[in-house]
Amino acid sequence: MVEPGDLAQAYAAVRDRIGEAAARVGRRARDVVLVAVTKAATPDQIRALVEMGQVDLAENRVQQLTQRVAQLQEYLSRRRRMGQAVERATDEMPDRVRWHMVGHLQRNKVKQVVPIVELIHSVDSLRLAEELHSHAHRTERVIDVLVQVNTSGEAGKHGISPPAAPHFIEQLDTMLYLRPRGLMTMAPYSDNPEHARPCFARTAELFHDVRTQGLGGREFNILSMGMSNDFEVAIEEGANIVRVGRALFGDGA
């Protein structure tokens, strides 16, 4: 676990690595969104990271997501009521944050997740998409989603098969209250980040094919790939969202 005093250093190091990876392929660091996965973080660490200016946060379990959102929302509301910065806050601290759901989402958890997240990264079946659309229709809210694709070929991983993805996105396009924003994938874990490159390259190729076909519309522009062990390779292959936990919060993330 990263100690609170070391979090700023870890955060700066991750930002630097993002910038260096982007520069290697002629991209800008600001075009890559860092999503901090907080599953192993303490509430103090989450607050500290937000005070440093981190806007995008994520969880992969619904129960923990709802707890984290409530805790941080209460803190931010209290800060606004006080009308002044808390002791460690800086001018970088945002007034609000964006929460992402990055783990597998069960249909019976949709009602809990939809009101509190900006983006669901893990739509991996038509039944889940239909449940999301039904709930969105009832609440008259359009939900932004990513299609999770299994480009690693691992049997234990969730995700649509790459050949089925274009047709699946066509189906999502017919759902007025769902907005497909792009693709997400998870590479096989390896101590060598280069082992993830073929998976990321294939997902990026699929992403560009879908865009070329005009599926998803102009807002189909998000490619979520890469975690703590391989996010630099993901950026080199075109990711514009990376999901980082362990590199920020330690081995428990």
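**Exercise 1. The largest cavity**

In this predicted model, α2 (43-51) and α3 (62-82) each supply at least two residues of the lining of the largest cavity. Identify the residues that line the largest cavity, and state its volume and the classes of its lining.

*Solution.* Step one is to place the cavity in the structure as a whole, which holds 1 cavity of 30 Å³ or more; the volume of the largest cavity is about 40 Å³. Step two is to list the lining, which is made up of Pro43, Ile46, Arg47, Arg68, Gln71 and Leu72. Step three is to sort these residues by class, which yields 3 nonpolar, 1 polar and 2 charged residues.

**Exercise 2. A lining residue in α3, and the helix across from it in the lining list**

Decide whether Arg68 is buried or exposed, and determine which backbone oxygen its side chain reaches.

*Solution.* Begin with the location: Arg68 belongs to helix α3 and is one of the residues that line the largest cavity. Next, compare the accessibility with the cut-off: the relative accessibility of Arg68 is 9%, and since buried means under 20%, Arg68 counts as buried. Then turn to the polar group of the side chain, which reaches the backbone oxygen of Ala41 at 2.6 Å. Finally, collect the contacts of Arg68, leaving aside neighbours within four places in sequence: these are Thr38, Lys39, Ala40, Ala41, Thr42, Pro43, Ile46, Glu59 and Trp99. Among these partners, Pro43 and Ile46 also appear in the cavity lining.

The solution can be extended to α2, in which Gln45, Ile46, Ala48, Leu49, Val50 and Glu51 are buried. Just after α2, the backbone at Gly53 takes a positive phi of about 110 degrees.

**Exercise 3. Two pockets**

Describe the largest pocket and the second largest pocket by volume, by the residues nearest the centre and by the classes of the lining.

*Solution.* Take the largest pocket to begin with: its volume is about 540 Å³, and of the 25 residues that line it, Lys39, Asn60, Met186, Met227 and Arg243 lie nearest its centre. By class, the lining of the largest pocket divides into 10 nonpolar, 10 polar and 5 charged residues.

Continue with the second largest pocket, whose volume is about 350 Å³ and whose lining of 20 residues has Val33, Asp56, Arg98, His100 and Ile241 nearest the centre. The elements that contribute two or more residues to this lining are α1 (4-24), β1 (33-37) and β3 (98-101). Its class division is 8 nonpolar, 5 polar and 7 charged residues.

**Exercise 4. An acidic residue in a strand**

Establish the burial of Asp144 and find the side chain with which its own side chain makes a polar contact.

*Solution.* Locate Asp144 in strand β5, which spans residues 143-148. Its relative accessible area is 14%, so it falls under the 20% limit and is buried. For the polar partner, the side chain of Asp144 is in polar contact with the side chain of Arg181 at 3.4 Å. To complete the surroundings, and not counting residues up to four places away in sequence, Asp144 touches Glu118, Leu119, Ile120, Arg179 and Arg181.

**Exercise 5. Two residues in α7**

Classify Arg211 and Thr212 by accessibility, and trace the backbone oxygen that lies by each side chain.

*Solution.* Arg211 lies in helix α7 (residues 197-212), and Thr212 lies in that helix too. Arg211 has a relative accessible area of 40%, between the limits of 20% and 50%, and is therefore partly exposed; Thr212 is at 70%, over 50%, and so counts as exposed. The side chain of Arg211 reaches the backbone oxygen of Phe220 at 2.6 Å, whereas a polar atom of the Thr212 side chain lies 2.8 Å from the backbone oxygen of His208. Beyond neighbours within four places in sequence, Arg211 is in contact with Phe220 and Asn221; the C-alpha atoms of Arg211 and Asn221 are 8.0 Å apart, with their positions 10 residues apart in sequence numbering.

**Exercise 6. The chain as a whole**

Assess how the overall extent of the chain relates to the globule rule.

*Solution.* Count the elements as a start: the chain has 9 helices and 8 strands. The radius of gyration is 18 Å, close to the 18 Å that the globule rule gives for 253 residues, so the chain is as compact as a globular protein of that length. Along the principal axes, the C-alpha atoms fill a box of roughly 50 × 45 × 30 Å. As for burial, 48% of the 253 residues count as buried. Lastly, among contacts between residues at least 6 apart in sequence, 66% join residues at least 24 apart.

Notes
Residues numbered from 1 in each chain as written. Predicted model: local features only at pLDDT ≥ 70, side-chain atom pairs only at ≥ 80, totals over all residues. Heavy atoms only, no water. 1 Å grid on protein atoms, 1.4 Å probe; cavity = no way out; pocket = protein on both sides within 12 Å on 5 of 7 lines; lining within 4 Å. Points joined across faces, edges and corners; volume = space filled by probe spheres on them. Helix = DSSP H or I, 4+ residues; strand = E, 2+ residues; numbered from the N terminus. Nonpolar A, V, L, I, M, F, W, Y, C, P; charged D, E, K, R; others polar. Buried < 20%, exposed > 50% of the residue type's maximum accessible area, 1.4 Å probe, protein only. Polar contact = N/O pair within 3.5 Å; in protein donor to acceptor, adjacent residues only side chain to side chain. Contact = heavy atoms within 4.5 Å. Rg over C-alpha atoms; globule rule 2.2 N^0.38 Å.
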